[in-house]
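Biologist: I should like to learn how to read the features of a structural model, one at a time. Please give the general idea before each case.

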Amino acid sequence: MNLPHCEKAMALLEFDRIKEAAAACAVSAEAAALIREEAPLFDREEIKSRKEQVLSFCTLLEQSGDQGPVELPDIAALFAPLAVEGSMLGPEENLALGIFIEGGEGLRRLILDGQGAGERLRERAGAAPDCSFLAREIFRVIDRDARVRDLPALKQIRTRIQGLTKELEQVASAYGAGENTRHMLQSPLPSQRDGRTVLAVKANFRGRIRGIIHEASSTGQTIFVEPEEAVRLNNRILMEKANLEAEIRRILRDLTGRIARNREDLKEFHRIIVDLESLRARARFSRETGACFALDTGALALQQARHPLLGRGAVPIDLVMAPRTNMVIITGPNTGGKTVALKTLGIFALMNQTGLAVPAAAAELPVFDGIYADIGDEQSLSQSLSTFSAHMTNIAGIIENATDRSLVLLDELGAGTDPEEGSAIAMAILDHFIEKKSTVILTTHHGLLKNYGYSRQGVENASVEFDRRTLSPTYRIIMGIPGESRAVDIAARNGLPPALVDSARAYLAGERSDISALIRGLKEKHRELDEAARSVREKETRIREDRRRTDLKELTLRQKEYLLKKEGAREFRRLLLESRKTLENLVREIREGELTRDKNLRVKEFIRELEAGSAAMDAALAVEEKNLRALAAEGEAPFGTAAGAGTGAKARASAGTGAIGPGTEVLAGPSRRRGTVIRGGRKSRAGSAASPQGGAGPGEPAWIVEIGSVRMSFPEEDLVPVQGPLDSGVSARNSPGWSAELAPDQDRAAKPELSLLGMKLEEALEALRRQMDAAILAGLREFSVIHGKGDGILQRGVQNYLKKDPAVADYYFSRPEFGGFGRTEVVLKG
């Protein structure tokens with residue numbers, strides 16, 4: 001692509017302000033400079049990699065609460081002296097290096113230890129050499145205030161200096177305290193001159209105190225004398241201070257040498273950390289603007305897009321190019337938002353190809369090999385260019401460089417000259433771009449270009465909406481319909497005298513009333529279609545809500561059915577246990593003695609009591625079944641076992657199948673499990689030939705059915721004959737009486753781990769509902785749901801479903817080693 005023209009587009013679109021806002025989110029001046037200087041990328045893989053890394057940082061920032069380095073000093077200038085042998089870095093320079101290395105290591109650890117970092121970002125952070133040992137070396141010598149620490153060698157010298165200083169103070173104090181010398185001094189306290197301790201002696205006692213005179217006061221009344229005893233001590237102190245400075249330089253030079261030996265690793269570490277910080281700054285900027293990352297699907301679609309420089313108060317726009325459309329012509333009134341729409345698209349394309357998220361609810365953007373713009377008035381007095389000439393000069397450069405993968409933005413094409421000639425030039429330019437297959441978005445007020453949009457393939461008209469009641473724009477873009485300029489209405493709204501407005505309307509009335517009426521009619525039709533679409537969406541919402549309530553009521557019924565079965569089984573076990581004990585006692589009594597009439601009567605009484613108990617249970621179940629049927633009818637939801645009762649005979653009648661006999665393949669019970677009839681059972685009485693489902697009613701014929709390796713008794717009402725092999729559940733689904741809710745196929749069995757990956761939200765929630773039902777029926781109290789992280793749609797949907805489900809006792813994210821935020825553990829109520 002042609003970089004000068006791209007740079008011109010960036011200037012017209014004010015992209016530097018976007019980069020400056022992103023750079024302000026960096027804690028490193030070098031990272032901020034990297035963002036400011038970086039040009040858009042044009043390689044699809046590079047853009048994908050950059051966006052993936054920024055998105056990974058967004059996830060890390062959300063999880064860690066934006067932890068990371070708070071300061072990364074500028075250290076680029078330090079690499080030059082490190083390359084010079086024998087050079088020495090000062091304490092402040094060493095401190096800057098140490099802080100940068102510590103901050104950089106913190107940033108690396110944030111990425112490598114974080115759960116949300118993508119593979120590309122981990123690879124980038126892992127490529128940085130480990131320089132943490134250099135930070136430890138630096139801070140062993142330098143403290144956080146950029147002072148050299150009190151190392152053993154330095155401590156010895158400082159101790160000697162302190163001793164000599166104390167001895168010097170005693171010598172000087174002796175003059176101020178002595179009877180013979182005190183009256184000679186202007187002050188009993190010693191002073192400092194050129195770093196040496198001196199006494200302030202009265203001028204008339206010159207020579208009375210032997211020593212070196214350093215200076216006299218301005219009045220000549222005082223001279224400053226260094227006594228002979230102090231000269232020796234001052235000299236020793238100066239020598240020790242020189243030794244101290246030499247030792248400090250030696251220590252710093254040694255430290256600099258150790259750093260210099262790792263200069264190349266440190267340089268690579270610095271380069272990677274600055275780049276990572278620039279990515280973190282982009283992620284911070286994306287979070288602050290509430291943005292999303294544009295998808296690369298080849299389409300161009302913006303939903304609820306806001307121009308980033310207008311802030312959150314900007315009116316969001318939708319701009320969607322239909323498939324096989326390369327050009328959109330936007331018309332409509334001045335101040336209606338046409339130019340803002342152009343700039344929004346252009347700046348979104350630049351942000352997308354710089355690794356930045358765009359402030360929109362959703363966005364799809366192709367990767368362009370060039371982004372060109374002709375926006376605004378570029379009249380140049382210095383170059384003798386009129387407005388029209390300036391536009392043509394710019395457009396000529398765009399025509400020369402644009403390709404079939406370029407984005408071209410043209411504002412007020414053909415303006416600034418005679419409308420007829422301007423329209424002709426504009427159409428010729430557009431013909432060229434259609435032939436090139438460039439992606440073109442343009443704005444215009446020329447009426448001929450509105451007709452052009454209808455007469456060319458791959459071109460679509462659009463308009464910015466204008467509210468006729470308030471005479472103000474709504475900033476909404478309507479695709480497929482051209483717009484009126486509304487210049488007269490806007491002029492009236494901005495204070496043009498009414499008489500002039502009426503005169504203008506009179507001039508227009510005879511020329512284009514038919515076109516205006518057509519455009520108004522199209523807009524009304526478009527508004528009616530919008531209302532119809534909104535009504536359909538509202539109905540869909542109501543239907544989904546009704547379905548949710550029905551599903552909830554159905555689940556409640558199924559739970560009640562399950563609890564009823566469970567209670568019935570518990571009661572049956574209790575009855576069986578008690579009956580077994582009584583029967584064992586009767587058998588033992590019979591074996592121990594003769595069979596008497598009394599014992600015979602007691603056995604018959606026991607059987608009658610057993611039959612009565614079984615009949616009472618049947619009656620109670622019948623009452624409960626009636627109540628549950630009423631509830632199921634209210635909710636229009638299938639009712640488990642009761643709903644399946646009696647379906648066998650109806651199914652056989654509707655299917656036209658024959659009678660049941662030994663060897664018949666059947667679907668048995670309400671769960672429709674496949675089996676083979678072995679033989680007939682005797683007509684069931686209460687408590688006899690009992691099936692696991694509660695047994696046949698009194699007087700109903702029963703059959704022994706073999707299901708797998710188990711033989712069970714079923715009433716004939718619960719059996720449906722099938723013909724042919726049951727192929728992967730297909731025949732069962734086509735068989736009469738088959739229930740999708742009760743089918744025992746593999747997909748509906750309770751699983752300890754349910755994977756929803758790759759499913760849409762509705763499919764995932766349906767799978768979760770089936771899992772809940774199967775788990776309750778199977779007695780599975782705990783299981784896991786794998787929904788992944790992604791954009792968080794499945795994660796939020798699953799957790800919202802579990803929050804409202806009355807059968808759920810608890811749910812929580814898994815431990816990090818088992819999936820973390822991508823997996824939810826579910827605990828059902830007992």
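Modeller: The dialogue below takes up strands, aromatic rings, charges over rings, and empty space in turn.

Modeller: This is a predicted model, in which local features need pLDDT of at least 70 and side-chain atom pairs count only at pLDDT 80 or more, while totals for chains, interfaces and linings use all residues. Residues are numbered from 1 along each chain as its sequence is written, and side-chain values use heavy atoms, with hydrogens and water left out.

Biologist: Let us begin with strands. Where do the side chains of strand 6 point, and which are buried?

Modeller: In a regular strand the side chains alternate between the two faces of the sheet. Helices (H or I, at least four residues) and strands (E, at least two) are DSSP runs, numbered from the N terminus. Buried means under 20% relative accessible area, exposed means over 50%, and partly exposed lies in between (1.4 Å probe, protein chains only). In strand 6 (residues 317-320), Ile 317 and Leu 319 point to one face and are buried, whereas Asp 318 and Val 320 point to the other and are not.

Biologist: Which strand is joined to strand 6, and how do the two run?

Modeller: Two strands pair if DSSP finds at least two bridges between them. Strand 5 (residues 301-305) is joined to strand 6 by three bridges, and the two run antiparallel. Leu 302 stands opposite Leu 319 of strand 6.

Biologist: How many of the residues of strand 22 are buried?

Modeller: Six of the six residues of strand 22 (residues 823-828) are buried, so this strand is largely enclosed by the rest of the structure. Both of its faces are covered: Arg 823, Glu 825 and Val 827 are buried on one side, and Thr 824, Val 826 and Leu 828 on the other.

Biologist: Which strands are joined to strand 22?

Modeller: Strand 20 (residues 782-786) runs antiparallel to strand 22 and is joined to it by five bridges; here Ile 786 stands opposite Arg 823. Strand 21 (residues 808-813) is also antiparallel to strand 22, with five bridges, and Tyr 811 has Val 826 as its bridge partner.

Biologist: Now to the aromatic rings. How many aromatic pairs are there?

Modeller: A pair of aromatic rings is described by the distance of the centres and the angle of the planes. Rings of Phe, Tyr and Trp (its six-membered ring) pair if their centres lie within 6.5 Å; planes under 30 degrees apart count as stacked, over 60 as edge-to-face and the rest as tilted. By this rule there are two aromatic pairs. Phe 100 and Phe 269 form an edge-to-face pair, 6.2 Å centre to centre with 80° between the planes. This pair links distant parts of the chain, since Phe 100 lies in helix 6 (residues 91-113) and Phe 269 in helix 11 (residues 263-288), 169 residues apart. Phe 100 is buried, at 0% relative accessible area, and Phe 269 is buried, also at 0%.

Modeller: Phe 813 and Phe 821 likewise form an edge-to-face pair, 5.1 Å centre to centre with 65° between the planes. Phe 813 counts as partly exposed because its relative accessibility is 29%, and Phe 821 counts as partly exposed at 38%.

Biologist: Which charged ends sit over rings?

Modeller: A charge sits over a ring if NZ of Lys or CZ of Arg is within 6 Å of the ring centre and within 35 degrees of the ring normal. The charged end of Arg 144 sits over the ring of Phe 139, 3.8 Å from its centre. The charged end of Arg 193 sits over the ring of Phe 224, 4.0 Å from its centre.

Biologist: Finally, how is empty space read, and what is the volume of the second largest pocket?

Modeller: Rolling a probe the size of a water molecule over the atoms shows where empty space is left. On a 1 Å grid over the protein atoms alone, a pocket is an open set of points with protein on both sides within 12 Å along at least five of seven lines, and lining residues have an atom within 4 Å of a point. Grid points are joined across faces, edges and corners, and a volume is the space filled by probe spheres set on the points. The second largest pocket has a volume of about 1400 Å³. Of its 40 lining residues, the closest to its centre are Leu 55, Thr 59, Phe 293, Gly 790 and Asp 791. Helix 4 gives the largest share of this lining, eleven residues. Thr 59 belongs to helix 4 and is partly exposed, at 26% relative accessible area.

Note on methods. 1 Å grid on protein atoms, 1.4 Å probe; cavity = no way out; pocket = protein on both sides within 12 Å on 5 of 7 lines; lining within 4 Å.
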